[in-house]
Amino acid sequence: MSLNIIVLAKQVPDTRNVGKDAMKADGTVNRAALPAIYNPEDLNALEQALRIKTKFEGTQVHVLTMGPVRAAEIIRESMYRGADGGYLLSGREFAGSDTLATSYALAAAIRKIGKVDLILCGRQAIDGDTAQVGPQVAEKLGLPQITYAEEILHISESEVTVKRRLEKGIETVKGPLPILITVNGSAAGCRPRHAKLTLKYKNAKTVSERQASSTDYTELFETHPYLDIPEWGASDIEHEPQWLGLAGSPTKVKQIESVVFTAKESKRLTPADNEIEDLIKELITNHTIG
Amino acid sequence: MSKDTNNNAENLTSISSKELGGNIFVYLEIEEGVVADVSLELLTKGRTLADKQQCKLEAVAIGYQLEKIGEQVFPYGVDTLYLADDERLSPYTTLPHTSVLVNLFKEEKPQIALMGATSVGRDLGPRVSSALFSGLTADCTALEIGTYEDKKEKKVYEDLLYQIRPAFGGNIVATIVNPDCRPQMATVREGVMKKEIRDKNYKGKTIRLDVSKYVDDADFVIGVIERHMEKSKINLKASPIIVAGGYGMGSAENFNMLFDLARVLGGEVGASRAAVDAGFSEHARQIGQTGTTVRPKLYIACGISGQIQHIAGMQESAMIIAINNDPQAPINAIADYVITGDVAEVVPKMIKFYRRNSK
Ligand SMILES: Cc1cc2nc3c(=O)[nH]c(=O)nc-3n(C[C@H](O)[C@H](O)[C@H](O)COP(=O)(O)OP(=O)(O)OC[C@H]3O[C@@H](n4cnc5c(N)ncnc54)[C@H](O)[C@@H]3O)c2cc1C
Ligand SMILES: Nc1ncnc2c1ncn2[C@@H]1O[C@H](COP(=O)(O)O)[C@@H](O)[C@H]1O
């Protein structure tokens, strides 16, 4: 048995460790101050794909990402960990996409890739925490979906059984292939880079990256065609322009503010017995407690 | 529908959502015949919005054996309740619930559709929005009605839904609008909105949908093999007193003193994410942007630094006491009482002095 698996992965600013300089004075995000990382839950999704590949020889795992030229970094990262390759969807037509326009473009790219048995996504991306793109892609492709997967318990050419982690419990469900599955952060973490693969793929590049580099890659890529990371623009996918980018995004950002909390006049106390006892008495007297 | 107004030197086209009509819909999440709190909270919000927009509040229940849903939701001011009642619609699976909503929304053309930002709502919402090509904003913390000016298109949209949500890990708050697409869809987490009965005797009408006209047999491809839903015994939202512990508690053992304090005061124990991540407490107790939102009478923050994402879930507490050994901890800025000291010293003292002074 061999399956064709696509992992949807996104390069995101690391919002988890936001320092003081992450916000500009005007309240907008200073993206330059945040390192760009592989969206954490997309790595959980990649791991599920690689596990299937390990189990069923001939299974192909490709990563699809939409983003700036630089986002090819996470495709290479995926290859270092065991993916067979990837596709970069990039271009100014995609700029300003909200989740709906993103899913429209990703769905069109998946149609172009061709026969796909399984699409794996992260549950959500940490830049927006929306968890929308996966289900929206599934809808656009007319595929069923299973969200919040913690483990793929069983998979065959026609069927998959998945354990889902929900807010208030767990559920085991079964569905037919092809299907889209979103993977939770509580699923197994991704295997580390493999030294041999890192060596093999360190020169894997998109055409934009090759053009921007001073090295001439022509010969290397002729003898090692697997190093080519296909890069597609809007003209490479079948689409209607009104559904791409800003035009295809029904949601508009009206306003952005940085968060400030109004400071209160607070009473300062020490742990001394009398101070704590006075506080407790005060709270009892004004009926806050007791 | 649109009229030209001269409210600017340039001619702006003014478009009113109110005139575009459509009602406000809330998807009801149902577990074992009981409507989830988050849905009731959204009905309360939806009622306020409907009054503002002078339209109706409508609720949709999809499931099995829904006879008792009406009595649960009408008091919240529901004008129309749609029931899609069919054995195959429970437990929830994505496709049939999507089909009911998508087809119903195509008929009814709501202006606004709200659902809980729960495991179900976040599975269903994007699916519906994708099918209808309408925008969806996840995890809103506030919903308001207001005006939006599209300077490029020279259009002014009146009475739009402001979908206000934290972004970039909670460091900014963004106001999102969907000017052109309907419905304007949003999800909201449990506890963010307040739940309030409008009128015990509020009368709305019930419409039973012919389910076979809304779903396709092919929608039933996902089979639920096993389900374990835990009814949480922890009810943070309803507790008037919350004793919350953070990473500064140091260990799960030390967390026990918070349970002691909560017990004597008659409160519940909450936790910061760092405390949950460190294994000091279970996830169900997490307070903040990605946990529960609480507004108790008294919030005692023990060993919590007070990062934005935590504060987002407790800033509306009537009184806040912060216990922290760092006099500069950010939580202190929003606290009414700041006790600078070690939690291991202060918490036992609070228990002792409470016992001594209460009858
Ligand atoms: C997208 C996103 C969502 C998030 N959602 C949430 C959320 O919902 N809820 C949440 O809480 N966090 C959330 N966080 C995490 C948040 O940013 C903080 O990391 C977290 O709140 C810190 O928890 P803490 O205050 O317990 O730990 P710390 O920041 O480590 O603070 C520990 C505090 O304890 C004090 N302390 C140490 N020892 C003692 C002692 N012996 N006595 C007294 N004081 C002591 C220290 O001075 C310090 O102030 C989120 C983060 C992101 C990026
Ligand atoms: N630009 C993108 N390129 C590839 N995959 C994406 C992109 N945006 C979102 N995804 C996928 O969709 C998931 C959910 O993203 P989000 O809806 O932004 O929270 C992510 O974890 C990715 O798997």
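**Notebook: cores, a hairpin and two domains**

I looked up the largest nonpolar core in this predicted model: of its 37 residues, Leu261(B), Ile300(B), Cys302(B), Ile321(B), Ile323(B) and Val347(B) touch the most other members. I took a nonpolar core as a set of buried Ala, Val, Leu, Ile, Met, Phe, Trp, Tyr and Cys residues joined through side-chain atoms within 4.5 Å, with buried meaning under 20% relative accessible area (1.4 Å probe, protein chains only).

I then listed what Cys302(B) touches (heavy atoms within 4.5 Å). Leaving out residues up to four places away in sequence, the list includes Met249(B), Leu258(B), Ile323(B) and Val347(B). Another core, of 32 residues, lies apart from the largest one, with Leu3(A) and Ile52(A) among its residues.

I noted that residues are numbered from 1 along each chain as its sequence is written, and chains are lettered from A in the order in which they are written. Local features need pLDDT of at least 70, side-chain atom pairs count only at pLDDT 80 or more, totals for chains, interfaces and linings use all residues, and side-chain values use heavy atoms, without hydrogens and water.

Next I checked the domains of chain B, whose bounds come from an automatic or database domain assignment. Domain 1 is 20-137 + 181-220 and domain 2 is 241-357. Their centres, over C-alpha atoms, are 36 Å apart. I found six residues of domain 1 of chain B and five residues of domain 2 of chain B in the contact.

Methods:
Buried < 20%, exposed > 50% of the residue type's maximum accessible area, 1.4 Å probe, protein only.
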